[in-house]
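The following exercises are to be worked with the sequence and the structure at hand. Each task is followed by a solution in steps.

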Amino acid sequence: MSDSNTTNFTNPSTFILLGIPGLEAAHVWISIPFSTMYIIAILGNFTILFIVKMELSLHGPMYYFLCMLAVTDLVVSTSILPKMLAIFWFNSREINFSACLTQLYVFHSFSVMESGIFVAMAFDRYVAICDPLRHSTILTNPVVAKIGLAAVLRGGIFVLPCLLLLRQWPYCGTKIIPQPYCIHMAVAKLACADIRVNSYYGLFVLLCVKGLDVIFIVVSYIQILRAIFSLPTKDAHLKNFGTCGSHLCVILAFYIPTLFSSLTSRFGHNLPLHFHICIANMYLLVPPMLNPIIYGVRTKQIRDRLLRRFTHKGT
């Protein structure tokens, strides 16, 4: 290893991001699907925000939560993709220590926020189907705003200890991060210290925050399904399934890549490093791209408003 990448330092100035090790020659080609998915995510999520803002009939809890989801998707993907594409296109691998910590803090905190928003959306569907007469009185605009604020604070507070731990460790040896962006454990492994507390706390956040979110969502949908199957007619079953279908698809698009990425990183030790990194990148890019597509296609209110605006402009 060259001396430029190995040194003794307590307060590093920069790290080196390798991109996707083993596939450096293909970085330009890999950037094509990544940049395409990023453009789709940007256009799709801004379209959702625009449609909900312009259509007064969509000013309700379900669509407010959808807008929160769109914002988190935009922030998560934008915190990672521009630097990743700069590595692929311009070989711009250096990243400032403070910028690296900022990137990982924004990424991790907004990922936790996104999980919290899914819980809020599950609660909204639970009230709408299991207690429809009280839906408008339970989920008022102030309550929706407080739920959104709670999701933001929860994400920021739970990820903050990771940032503080990384700031206090001394660093020595390699400055190389073998992937295209900064995340908690990748930076912690460069520290000249016992980082078990980082590992344990990261596992705590995964299990006690996202794990509890999944449990709450599953319990909510068990109650929702019980309420749906208790309805007297098949048409009522299909109508209520339709209102939950988009939400379920979005939840699966978020949690399945997360679970697969977590399992491969812990148990797929025989898999090449570039496979792990490509799977992690899919976790970053697929949900922000799919969420607006799923809601745009499956949600009749959004689909109709979108088509009406395009056809109105075309006439």
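**Overall composition**

Buried residues account for 49% of the 315 residues in the protein. The model is a predicted one. Its secondary structure consists of 10 helices and five strands. The protein exposes about 15,800 Å², of which carbon and sulfur atoms supply 70%.

**Exercise 1.** Identify the residues with the most contacts inside the largest nonpolar core, and state which helix gives the most to this core.

*Solution.*
1. The largest nonpolar core comprises 76 residues.
2. Within this core, the residues with the most contacts are Phe 15, Phe 118, Tyr 171, Ile 177, Val 187 and Tyr 295.
3. Helix 3 (residues 97-130) makes the greatest contribution to this core, namely 14 residues.
4. A second core, separate from the largest, has six residues, including Val 112, Val 159, Tyr 201 and Val 209.
5. Tyr 295 can be examined in more detail: leaving aside neighbours within four places in sequence, its contacts include Ile 48, Met 62, Leu 66, Met 121, His 247 and Ile 302.

**Exercise 2.** Determine whether His 27 is buried or exposed, and describe its surroundings.

*Solution.*
1. Locate His 27 in helix 1, which spans residues 27-54.
2. The relative accessibility of His 27 is 4%, so the residue counts as buried, the cut-off being under 20%.
3. A polar atom of the His 27 side chain lies 3.1 Å from the backbone nitrogen of Ile 20.
4. Residues up to four places away in sequence are not counted; His 27 then touches Leu 18, Gly 19, Ile 20, Ile 87, Phe 88 and Arg 93.

**Exercise 3.** Classify the partners of the salt bridge between Arg 125 and Asp 124 as buried or exposed, then examine the other pairs listed below.

*Solution.*
1. The count of salt bridges in the protein is four.
2. In the pair Arg 125 and Asp 124, the closest N and O atoms are 2.9 Å apart.
3. Arg 125 has 10% relative accessibility and therefore counts as buried; Asp 124, at 1%, is likewise buried.
4. Asp 131 and Arg 134 are joined by a salt bridge of 3.4 Å, N to O. Asp 131 is partly exposed at 26%, and Arg 134 is partly exposed at 47%.
5. Asp 194 forms a salt bridge with Arg 196, with 2.7 Å between the closest N and O atoms. Asp 194 is partly exposed at 45%.

**Exercise 4.** Which residues form a nonpolar patch on the surface with about 230 Å² of accessible area together?

*Solution.*
1. The patch consists of Ile 40, Ile 293 and Val 297.
2. Val 297 belongs to helix 9 (residues 273-298).
3. Because its relative accessibility is 52%, Val 297 counts as exposed, the cut-off being over 50%.

Terms used
Residues numbered from 1 in each chain as written. Predicted model: local features only at pLDDT ≥ 70, side-chain atom pairs only at ≥ 80, totals over all residues. Heavy atoms only, no water. Core = buried A, V, L, I, M, F, W, Y, C linked by side-chain atoms within 4.5 Å. Buried < 20%, exposed > 50% of the residue type's maximum accessible area, 1.4 Å probe, protein only. Helix = DSSP H or I, 4+ residues; strand = E, 2+ residues; numbered from the N terminus. Contact = heavy atoms within 4.5 Å. Polar contact = N/O pair within 3.5 Å; in protein donor to acceptor, adjacent residues only side chain to side chain. Patch = residues over 30% accessible without salt bridge, like charges linked within 9 Å, V, L, I, M, F, W, Y side chains within 5 Å. Areas by Shrake-Rupley, 256 points an atom, 1.4 Å probe, with all protein chains shown as cover. Salt bridge = Lys/Arg side-chain N within 4 Å of Asp/Glu carboxyl O.
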